[in-house]
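Reader: I should like to go through the terms applied to this structure and hear the grounds for each. May we begin?

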Amino acid sequence: MTENLLIAGAKDSAMLHRIKATAYSWLDHFSGRRNALIGASLTRIVLGALGLYYYLRDYFDRSFLWGPEAVWPWQNFTDGGSFSLYSVSKSETWFQLVFHSGAVIALLFMLGWKTRAMTVLHYVFLWSLQQRNPILLDGGDNAAAIVLVFFVFVDSGSRFSLDSRARRKKQLKQSAESMRYRVGSLLHHAGLMAVILQVCTIYLVSGMAKVQGERWQNGTALYYILRVGEFGWPDVNHFLYEHATLIVVMSYATVFFQLAFSFLLLKRSLRPFAVTSGILLHLGIAIFMTGLVTFSATMIGLELIIMGDGHYQRLAEKARELFEKRGNLLPVAHAD
């Protein structure tokens, strides 16, 4: 009896040791290096460009849309109770100061200057703008505001940024063994996971909602969507909705893709397929539902963070090989 207890205790101790060793291995892996730096930087650029677009799109009508005497009444705005820098004062001068400051911050965030600080400021100013006139939102604004909270922890300025350029000039490089780097790496990966989970949640909730809809079940949903005048592209959408079979196939494919998206990410080799399919889906939405361009661009930007650095490096190598091969096929002019 005693011998059996000793054997069982030894097995439990060995299992506990293996669990600890695995946990320490994973901790060392995720704290010793930072993944998806290229994707995070590309997502930062897209989100920053879209933020700047919100400011510049209606720049000459800014007072009418966002100012103290805007189309959305000040009383409705302040009664909402949500935080906004624009609610501090009803002064036109204050509005102009906050609005233009937000545009400059969006540009600096896109360029990656003092990226961490600009992420926080961009979130605050963009959220404030959205709260001033919520009737102009299209869903992409909401997704961007949520993700920017997670982006505070993501190292999104290590590539394609003014910060990375300055570090290269000064030849600054953080030691991967320093505690600051390791804690930052863990926060970076936590932020990445939060962003990816947010994208998966959007797709999963959207897919589950579609499954319950009668028109999605019988494959006619896209027919009615493409005929909505508010979002449709006049004289173009009819080329799609006049083909019944194509509409049914596209309707079912949309639902299946949104439900399968999260599961496709579980296998690393399928991530490029999932991201490419998502980009094509939102390009289709942007083209044939022109009122949702910013929503589509936001989702495309968020999906760029899903692929790892290895995926982008292989993609760049293939593109380089393709251009080199194409260059070799061009005719060479010979001198007489």
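Author: This is a predicted model. The protein has 336 residues, with 16 helices and 0 strands.

Reader: What share of the residues counts as buried?

Author: Of the 336 residues, 38% count as buried. The protein exposes about 19800 Å², and carbon and sulfur atoms supply 65% of that area. Among contacts between residues at least 6 apart in sequence, 77% join residues at least 24 apart.

Reader: Why is Asn133 called buried?

Author: The relative accessible area of Asn133 is 0%. Buried means under 20%, and Asn133 is therefore buried. Asn133 is found in the loop between helix 6 (115–132) and helix 7 (140–151). Leaving aside residues up to four places away in sequence, Asn133 touches Leu65, Trp66, Val71 and Trp72.

Reader: What makes helix 6 roughly antiparallel to helix 7?

Author: The axes of helix 6 and helix 7 cross at roughly 155 degrees and come within 9 Å. Angles over 145 degrees count as roughly antiparallel, so helix 6 is roughly antiparallel to helix 7. Their crossing is left-handed.

Reader: Which residues of helix 6 and helix 7 meet, and how do they divide by class?

Author: Thr119, His122, Tyr123, Leu126, Trp127 and Gln130 in helix 6 meet Asp141, Ala145, Leu148, Val149 and Phe151 in helix 7. The residues of this contact divide into 7 nonpolar, 3 polar and 1 charged. Asp141 of helix 7 belongs to the charged class, because Asp counts as charged.

Reader: Why is helix 9 called oblique to helix 13?

Author: The axes of helix 9 (residues 179–211) and helix 13 (residues 244–264) come within 8 Å and cross at roughly 140 degrees. Roughly antiparallel requires an angle over 145 degrees, and roughly perpendicular runs from 65 to 115. The angle of roughly 140 degrees meets neither condition, so helix 9 is oblique to helix 13. Helix 9 passes helix 13 in a left-handed crossing.

Reader: Which residues take part in the contact of helix 9 with helix 13?

Author: From helix 9, the participants are Val199, Cys200, Tyr203, Leu204, Ser206, Gly207, Met208, Lys210 and Val211. They meet Thr254, Val255, Phe257, Gln258, Leu259, Phe261 and Ser262 in helix 13. By class, the contact has 10 nonpolar, 5 polar and 1 charged residues. Gly207 of helix 9 is placed with the polar residues, because Gly is counted among them.

Reader: How do you know that helix 14 and helix 15 are roughly antiparallel?

Author: Helix 14 (residues 271–288) and helix 15 (residues 293–303) pack at an angle of about 170 degrees, with their axes 8 Å apart. The limit for roughly antiparallel is over 145 degrees, and the two helices are therefore roughly antiparallel to each other. In helix 14, Val275, Gly278, Ile279, His282, Leu283, Ile285 and Ala286 meet Val293, Phe295, Ser296, Met299, Ile300 and Glu303 in helix 15. The contact of helix 14 with helix 15 has 9 nonpolar, 3 polar and 1 charged residues.

Reader: What makes Trp233 partly exposed?

Author: Trp233 has a relative accessible area of 39%. Partly exposed lies between the limits of 20% and 50%, so Trp233 is partly exposed. Trp233 lies in the loop between helix 11 (221–226) and helix 12 (238–241). Trp233 and Phe288 are 55 residues apart in sequence, and their C-alpha atoms are 5.7 Å apart in space. Not counting residues up to four places away in sequence, Trp233 touches Ile287, Phe288 and Thr290.

Reader: Why does Phe160 count as partly exposed, and where is Phe160 found?

Author: Phe160 has 48% relative accessibility. Exposed means over 50% and buried under 20%, so Phe160 counts as partly exposed. Phe160 is found in the loop between helix 7 and helix 8 (162–170). Beyond residues up to four places away in sequence, Phe160 touches Ile38, Ser41, Leu42, Arg44, Ile45 and Leu111. The C-alpha atoms of Phe160 and Arg44, which are 116 residues apart along the chain, are separated by 9.7 Å.

Reader: What is the phi of Phe160, and what is that of Lys114?

Author: Phe160 has a positive phi of about 50 degrees although it is not a glycine. Phi of Lys114 is near 50 degrees, again a positive value in a residue other than glycine. Most residues other than glycine have a negative phi. Lys114 is placed in the loop between helix 5 (92–111) and helix 6.

Reader: Is Lys114 buried, partly exposed or exposed?

Author: The relative accessible area of Lys114 is 48%. Exposed requires over 50%, so Lys114 is partly exposed.

How values were computed:
Residues numbered from 1 in each chain as written. Predicted model: local features only at pLDDT ≥ 70, side-chain atom pairs only at ≥ 80, totals over all residues. Heavy atoms only, no water. Helix = DSSP H or I, 4+ residues; strand = E, 2+ residues; numbered from the N terminus. Buried < 20%, exposed > 50% of the residue type's maximum accessible area, 1.4 Å probe, protein only. Contact = heavy atoms within 4.5 Å. Axes fitted to C-alpha atoms, helices over the stretch in contact; angles between N-to-C directions. Parallel < 35°, antiparallel > 145°, perpendicular 65-115°, else oblique. Left-handed = near helix turned anticlockwise from the far one by under 90°. Areas by Shrake-Rupley, 256 points an atom, 1.4 Å probe, with all protein chains shown as cover.
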